[in-house]
Amino acid sequence: MTRLRSLAVALLAVPSVAMAQASAPASEQRRSAEANEPTGIGAATARDAEASRRALDGWWREAGKTRDQRLAWFRQARFGVFVHWGPYSVLGGQWRGQPNPGYSEHIMRVARIPRQTYRDEVAAKFHPDAYDARTWVKAMKAAGAGYVILTAKHHDGFALWPSKASDYNIAQVSGFKRDPLAELVAAARAEGLKVGFYYSHAFDWEDPDAPGNDWDYDNPGGDRKLHGGIDWWNAYPQFLTNTDRYIDRKVIPQLNELITHYHPDILWFDTPGKLPFFQQARIVEAVRKADPNVVINGRAARSADLNLGDYLDTADRPAELRPTAGDWEAIPTTNESYGFNALDHSHKSVAHFVQLIAKATAKGGNILLNVGPRGDGTLDAPDAAILAGVGQWMGVNGESIKGASRTPLDRQAWGDTTVKGDRLYLHVFDWPRSGSLRLGGLTSPPKRAYLLATKAPVAIKPVGSGDYDVALPANAPDAADSVIVVETDGPVRGETGRLIETRWGTNQLLAFDATALGSGFSYGDGKTARFYVDGLEKTGNRLVWPVRATAPAPVRVRVRYSTPGETSARVLLRYGDATLAAQLTPTHGDRDLQEVELGVLDLKSGALQDLTLSLEADHPVHIFSLDLRP
């Protein structure tokens, strides 16, 4: 398996001069959390090894030769729009007067709606006469998106196009005589956007041969965990005859239809762990044969050692982003549902998404922002407003995102940075009141600096090796993210190590960004209250942040944490000869984030010194961040 692991990492990684905000993809990153279901990857089968060998020695290795060409537009775009839309959109998150407690697109599973009932009372009523693909695409282009992905078939098994491979489609069930996919493709290409489709290949609640529906059928892969649970194919291999039939009869024919009729730029798959790896691989191989140039996301086929996609998918609904090597994509949504939910008014601010796009670009990744149109085909008003707000910012600052790449610098006290050739873009989330900010870690000599919004020059002067003071006007050009361009002499170069601002503000050191020393660490998926690192209860494990200060000064240090259960824990923070310690009291569950003050550290300027966090604990503790305040 060592050969598989090293080759998989090599083919997914992107060459980079500096990887300050990324480490090599670990196995848990390749596996990551299943998109919408808490399922894992089951134990390997003998046929998995043969599927891996076939891929590595043949079709996947061959596909790797043109991977950079396939991904060129993806790397340029940095920002796309995801659209979850289907029969579930008619319900808007309610079934027979009762709210759905999960994602609205999962209402068939959560409410255990029988297949025939869902067909007659939901899918048959999906008649989106107000759908206008041109309106959608114009809003997406105005938002600054470079690509759009639509749910051609979600987990409910319903096809949004007149599929010949299955009569469970919009033409035959809904009686809708238009082709939403053809209209979207035409509109997207007319506006210069790349276009693709989400296709749920491993999860299909309509099909009796597919995993997932365990309320109509005696099938594995559902919430009841029938026939062996996660790795059902080991416990009850007789079901593989059914899933083989499903793949041959529905999945591969429908994917061939999508490729032949619409020529998508990308196919986006989901929840592969519902099928054994060798069946996942068979599907991806068929797609590669049908279209060697289509981009395939990272949830198509993956094992503990191998991912057969072109890039990695990380968190759904992320609040924070974990450094990830190579090409990757995170999938936030405007509220807390992907499909339209009339009851969910938890829409996030435009500033949240603007900063998330900048943070992702800084770490070399993409943001695929999801919207959930209404059942009639119109964009929901809050979604449209968010797209418009992001578009206002991108219209001014899109240069700092589109075609930009991973920064060689660490995060800054005031925000983050992105890079394009000889330009370093300073994304200032927290505008200093002092009239200047300190840029740390730039080793390319700057030639000039200016505000991207107005092109007004700003003064930049060195204050030590790799550090610069940038003079600022009193008011920020944009409250969410003001961008300053620093043009350098030659390509942007930088060095790692966090510069702590000891004159103003708060320095947040995410556990995600620390170096984890030891073994057996695990990570939250980045969602709200889930951007933590676990494993510090193990003796010898520790998190390390190399830091230096803008000026020698005392800072107050607080740690943010939660406890999954009852625990007795003591946290220790070491810096040079100094050690701070505090007792951690149990929280009310793992989503109840608490802070405890550790005390005061006298930080030094000059050379980097390690901040090292460890625990004395009898049970796991989620560690989220350190906050350092002057």
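**Close-up views of helix pairs, a bend and two loops**

**View 1. Helices α13 and α14 pack against each other.** In this predicted model, helix α13 (residues 350-362) and helix α14 (residues 381-397) pack with their axes 9 Å apart, at an angle of about 50°. That angle falls outside the ranges for roughly parallel, roughly antiparallel and roughly perpendicular pairs, so α13 and α14 are oblique to each other. Their crossing is right-handed. To find the contact, look on α13 for V350, F353, V354 and I357, and on α14 for A385, I386, G389, V390 and W393. Sorted by class, the residues of this contact are 8 nonpolar, 1 polar and no charged.

**View 2. Helix α3 has a bend.** Where does helix α3 (residues 46-64) bend? Find L56: the helix bends there by about 55°. L56 is also one of the buried residues of α3. The others on that list are D48, A51, S52, A55, W59, W60 and A63.

**View 3. Helix α3 runs alongside helix α12.** Here α3 meets helix α12 (residues 277-290), and their axes come within 9 Å and cross at roughly 20°. Angles under 35 degrees count as roughly parallel, so α3 and α12 are roughly parallel to each other. The crossing of this pair is left-handed. Which residues of α3 take part in the contact? They are R47, D48, A51, S52, R54, W59 and A63, and they meet F277, F278, A281, V284, E285 and R288 of α12. This contact has 7 nonpolar, 1 polar and 5 charged residues. Some names may look familiar from the previous view: D48, A51, S52, W59 and A63 are among the buried residues of α3.

**View 4. R112 sits in a loop with a positive phi.** Follow the chain from α6 (107-110) towards α7 (115-121), and you will find R112 in the loop between them. R112 is not a glycine, yet its phi is positive, at about 55°. Is R112 buried or exposed? Its relative accessibility is 34%, so R112 counts as partly exposed.

**View 5. H263 is another loop residue with a positive phi.** This loop lies between α11 (240-262) and β6 (266-268), and H263 is found in it. Although H263 is not a glycine, its phi is positive, at about 50°. The relative accessible area of H263 is 49%. Exposed means over 50%, so H263 is described as partly exposed.

Definitions and conventions. Residues are numbered from 1 along each chain as its sequence is written. This is a predicted model: local features need pLDDT of at least 70, side-chain atom pairs count only at pLDDT 80 or more; totals for chains, interfaces and linings use all residues. Side-chain values use heavy atoms; hydrogens and water are left out. Axes are lines fitted to C-alpha atoms, for helices over the stretch in contact, and angles run from 0 to 180 degrees between N-to-C directions. Helices (H or I, at least four residues) and strands (E, at least two) are DSSP runs, numbered from the N terminus. Angles under 35 degrees count as roughly parallel, over 145 as roughly antiparallel, 65 to 115 as roughly perpendicular and the rest as oblique. A crossing is left-handed if the near helix is turned anticlockwise from the far one by less than a right angle, and right-handed if clockwise. Contact means heavy atoms within 4.5 Å. Ala, Val, Leu, Ile, Met, Phe, Trp, Tyr, Cys and Pro count as nonpolar, Asp, Glu, Lys and Arg as charged, and the others, Gly among them, as polar. The bend at a residue is the angle between axes fitted to the seven residues ending there and the seven starting there. Buried means under 20% relative accessible area, exposed over 50%, partly exposed in between (1.4 Å probe, protein chains only).
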